[in-house]
Every structure is written in structure tokens, then in C-alpha cells.
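Okay, thanks for having me, everyone. Have a look at what's on the screen, and I'll talk you through a few spots in it.

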Amino acid sequence: MSPPICSCSEKVRKLTQQASVMRREIKNLRQQMDGAIRAHRKQMSSLQSMLTDCMKHEDRLQSVRKRPAQSPSEINQLLEQGRIQTVPIGYISSCFAVKNGTPRQPTICSSSRAILKIEPSVFNNPEHSLVGLEQYSHIWIIFLFHKNGQMSYKAKVKPPRLNGQRVGVYSTRSPHRPNALGLTLAKLERITGDTLHLSGVDIIAGTPVLDVKPYIPDYDSPKTRTDDTSSEHRQTSPDSQMLQVMDVDEELNILETSFEPSSELRVCPVGPSDFSQSERSGSSDVTGILAEVKSYLKQQQLFTKNPEDKQTDSTECTLLATNPLSSSTLKFGCEDYSTIAAWVRAPPISNLDVRFTANAEKELKEFVPYNSTDSTRPKFQFLKGPDEAVAAIKGILSADPRSVYRRTRCQDRLFFFTLDTADITCWFGDGFAEVVRVKPMQSSELTNVV
Ligand SMILES: C[S@@+](CC[C@H](N)C(=O)[O-])C[C@H]1O[C@@H](n2cnc3c(N)ncnc32)[C@H](O)[C@@H]1O
């Protein structure tokens, strides 16, 4: 007997329902499996990249391990050959993020600021290495030009201030030199723990510093006179001539004031002048001789060295002053003076006037100092405010920061540079630079500053 039709259709219905439930479950399971596979794949790829990193580290470790350990005598030998491995003592944080627009020497932008933190990897207590340095106002910073690009260098270079003329690399402060070492005299504003706060820098952010030393004028700074005759492109500046005469006056004033009545002045032969054979003693004679020397030096411009002129040879123009009280010998003569190429003070390019459009001035005034709590306005990270920024911009632009190529070939192009957290746009005209825009840096650029 066959089952009744109603019970059959009931069974079919149930089976169909079960089948659709099972289909849904399968679909869910598939979805879960897909999700698990995706998560697994993601995990695999991050594990893969971790593995790659580990392998890289392992490679580096292997190569270090493979390096034969150097014995003290080997290290000594390498040192004697000048082949030492340098270790940065710290890295500069600076208001200059990139090379463009960074002053070419610190003196042209005294309001620029930077920070140097001594690396704890160099000394266990980095702050100990700075004890005593706070007594100095200026320090030498020896650093690596780490953003030179390729380590290329040439025996002759074209300093921008010489407007295309070529001179030997060692007669310049070009960054492109065999060991890419920079030397900057910076002002030491203060020291906090392991950190030096500096101003007057020409160094970009991230620069590895190899050493710092106190600036000691007694050791580091002979008086300077301009070697006016050593260069074909010299331009004598009345100011620098004046400076030399003032230097002479200053020296002679020191000489005058350091004399006691019993002092003895011996004047070594200085050529055919009327005091060349003088050798006198006694205070009244000293005063007379000094007046004579002063007037002679001014007339002959003795301190403007002329290699052709035998009478101004450094050995011949030495004045020796012996102070019996201190039994010290003061020496005032040409050999106490340093000479510099005339183009350093009187380059063939002239300084530029710097001006701001009203809009740029307004934009700059929007910036607040680094310590301001106002979060609605753009904030400097180093500078104390718009006035300091104006001084820095004037310093940078008046020295004409353009390369010779830009100066001669693309005169009318806009020039962009950064200062602290500001993006600056300017253009150059005949004898002037004009700032046309000052905008806060994009936040993505900000990480470059420090
Ligand atoms: C002409 S060098 C003089 C540096 C130093 N005062 C000296 O005499 O050795 C200054 C220029 O070097 C560039 N500069 C600064 N820091 C640098 C770095 N870390 N790497 C490459 N160039 C850098 C900047 O463009 C700056 O204008």
C-alpha cells in the first residue's frame, strides 16, 4: 500500500527546508572560512615582512661578527694613518630643514637657532661631558655635510659669492670636499642637561655632529687684515681699510696703556723709516715713539700687506715691547695678524636690500613664538617671534642665497626656502629681494625641521 499523498508532500517540504537551512549554514561556513583565510593571509604577510627584517638584521650582525676584532695595536696603526671610524656625538635639530635658503655662514643669520643633544650612546652620562662648557659664549661645531648627495668633490670650486670664478676647494668653505667636514662657530645660548641650545648656525636639521670645542679667541682668533693685493678681483672697501687702521690704533693703545714708566720699548727695524734704528728707553721716549709709529703705520698703510714691498715683510715690521713688571713679552707685528682673501669682505656680488610685501608681512605676523600657548595660530619651533624671523630672513636674503646658475640663468624665477615652520617665497630684482609669501609649513613637512 502506497503512503498517502499528503504525508509524501509533507516529507518533501521538510527535506526542502532542511536543505535550505543546510545551504545557509554552508554559506555561513564559507564566509567564515573566507574571513579566516583573509586574516591568515594578512598575518602571513606581516610575519613575512618581520622575517625579512629579521634576516636583514641577521645579515648585518653576521657582517659585523665576520669583521675581525681589531687589536689595540691595529687600532693604533689605523689612528696613526688617520683612518678612524667616526661616531656622531649627536644630531642637530635646526630651524633649517633643507639646504636651500640655509645661510652660507652663521654670521649672516645670528637669529637662526638649533639644538644639539649629546647621544647617550657616546657617554653614559652625556651631561658630564658638557660640564664647564657653559662658561663659553661660542663653540666650534665640527659636523658632517650628510646631505651632500654623492660624495663627489673637485679640486676647484666656484663659491657663489665669487660669482662663477673658480678657486681651489681648500681656499673655500665649500661643503663638497674630500671628507665632507663642516666647521661652524655658533653662539652657545645655554646648556640644559645633555642639550646645547645654539644660535647663529648654518647647519640643517639631522646633521651628524662629530665634535664640539669651546671657542677661545686667545687661541683661535688672530686679528684679521685683508690681503688686498693677493687677488685680481679685489675691490677695496673703505670700511675694511678703516678697520685695519683701527686695529693698529687698538694695538698701540694697548701697548701705550700696558707701559710702566720704566718700560722699555725696542723697535725692531721696519725699513727705511726715520724710526727704523730707534732703540730708546724711558716713558717719555715711549710716548714719542708710539706717536711716531702710529703716524708711520697710517702713512705707509703698513698693515696692508704688499708681497712686492720688501719693507713690509712680516719679520721687519715687528715691534717688541718688554714690560719688566710682568716680564712678559708683547709682540705687535704683521705676523700676529691673519690675512684673508679680499673677496671675502668685498666680493664681486653686492648685498641685496630685502623687503616684504604688505601681505607677506601680515602673514609673518600671524606666527607666534615657540613657547606660545595659542594653538589657533601658526607656531615657530625655534624662533622667538616674527621679529626674529624678519631678522633671519633679511640676513639670509641680503647675502643672496641663490646659486650662480640661478642668479645668472633664471633670474626671474621665484625662490622658495623654509625657515623654522614657515615656507617662504620671494623673488629677486636688481639689487633687492622681495618676500611675497610666508605660509605655515604643511604638517607632513614639519617632521623635517627637527
Ligand atoms: C658653505 S657651508 C659652510 C658650513 C660651515 N660654516 C663651514 O665653513 O664649514 C654652509 C652651507 O652648507 C649647507 N649645509 C648645511 N648643513 C648641511 C648638511 N648637513 N649637509 C649638506 N649641506 C649642508 C647649507 O646649504 C649651508 O648654506
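I'll go through a helix, a pair of strands, some charged pairs and then one serine. Keep in mind that this is a predicted model.

Let's start with helix α7, residues 358-365. Which of its residues are buried? They are Ala360, Glu363 and Leu364. If you look down the axis of α7, those buried residues fall within an arc of 100°, so they line one face of the helix. Now turn to the face pointing away from that buried side: there you find Ala358, Lys362 and Lys365, which are exposed.

And what do the buried residues of α7 pack against? There are three partners: β15 at 353-356, α8 at 386-398, and β18 at 432-440.

Let's stay with β15 for a moment. In general, side chains in a regular strand alternate between the two faces of the sheet. In β15, Val354 and Phe356 are on the covered face, while Asp353 and Arg355 are on the uncovered one. The strand runs parallel to β18, and four bridges join the two. If you want a spot to click on, Val354 stands opposite Ala433 of β18.

Those two strands also share a charged pair. Arg355 and Glu434 meet through their side chains in a salt bridge, 3.7 Å from N to O. Since Arg355 is in strand β15 and Glu434 in strand β18, this pair ties together parts that are 79 residues apart in sequence. Are the two partners buried or exposed? Arg355 is partly exposed, with a relative accessible area of 39%. Glu434 comes out at 16% relative accessibility and counts as buried, because the cut-off for buried is under 20%.

So how many salt bridges are there in the whole structure? The search finds eight. The general idea is simple: side chains of opposite charge can pair when their charged atoms come close.

Here's another one. Asp194 forms a salt bridge with Lys117, and their closest N and O atoms are 2.9 Å apart. This pair links distant parts of the chain: Asp194 is in the loop between β6 (181-192) and β7 (195-199), Lys117 is in strand β2 (residues 113-118), and they are 77 residues apart. Asp194 counts as buried, at 17% relative accessibility, whereas Lys117, at 44%, counts as partly exposed.

Next, Arg407 and Asp400. Their side chains meet in a salt bridge at 3.1 Å, N to O. Arg407 counts as buried at 8% relative accessibility, and Asp400 is buried too, with a relative accessible area of 3%. Arg402 comes in here as well: salt bridges with shared partners join Asp400, Arg402 and Arg407 into one network.

Last stop, the serine I promised. Where is Ser94? You'll find Ser94 in strand β1, residues 90-94. Ser94 is buried, with a relative accessible area of 0%. What does its side chain reach? One partner is the backbone nitrogen of Phe96, at 2.8 Å. The backbone oxygen of Ile203 also lies 2.8 Å from a polar atom of the Ser94 side chain.

That's my tour. If you take one picture away, make it α7, with its buried residues lining one face and packing against β15, α8 and β18. Happy to go back to any of these on the screen.

Definitions and conventions:
Residues are numbered from 1 along each chain as its sequence is written. This is a predicted model: local features need pLDDT of at least 70, side-chain atom pairs count only at pLDDT 80 or more; totals for chains, interfaces and linings use all residues. Side-chain values use heavy atoms; hydrogens and water are left out. Buried means under 20% relative accessible area, exposed over 50%, partly exposed in between (1.4 Å probe, protein chains only). The arc is that of the directions from the helix axis to the C-beta atoms. Contact means heavy atoms within 4.5 Å. Two strands pair if DSSP finds at least two bridges between them. A salt bridge is a side-chain nitrogen of Lys or Arg within 4 Å of a carboxyl oxygen of Asp or Glu. A polar contact is a pair of N or O atoms within 3.5 Å; within protein, one must be able to donate a hydrogen and the other to accept it, and residues adjacent in sequence count only if both atoms are side-chain atoms.
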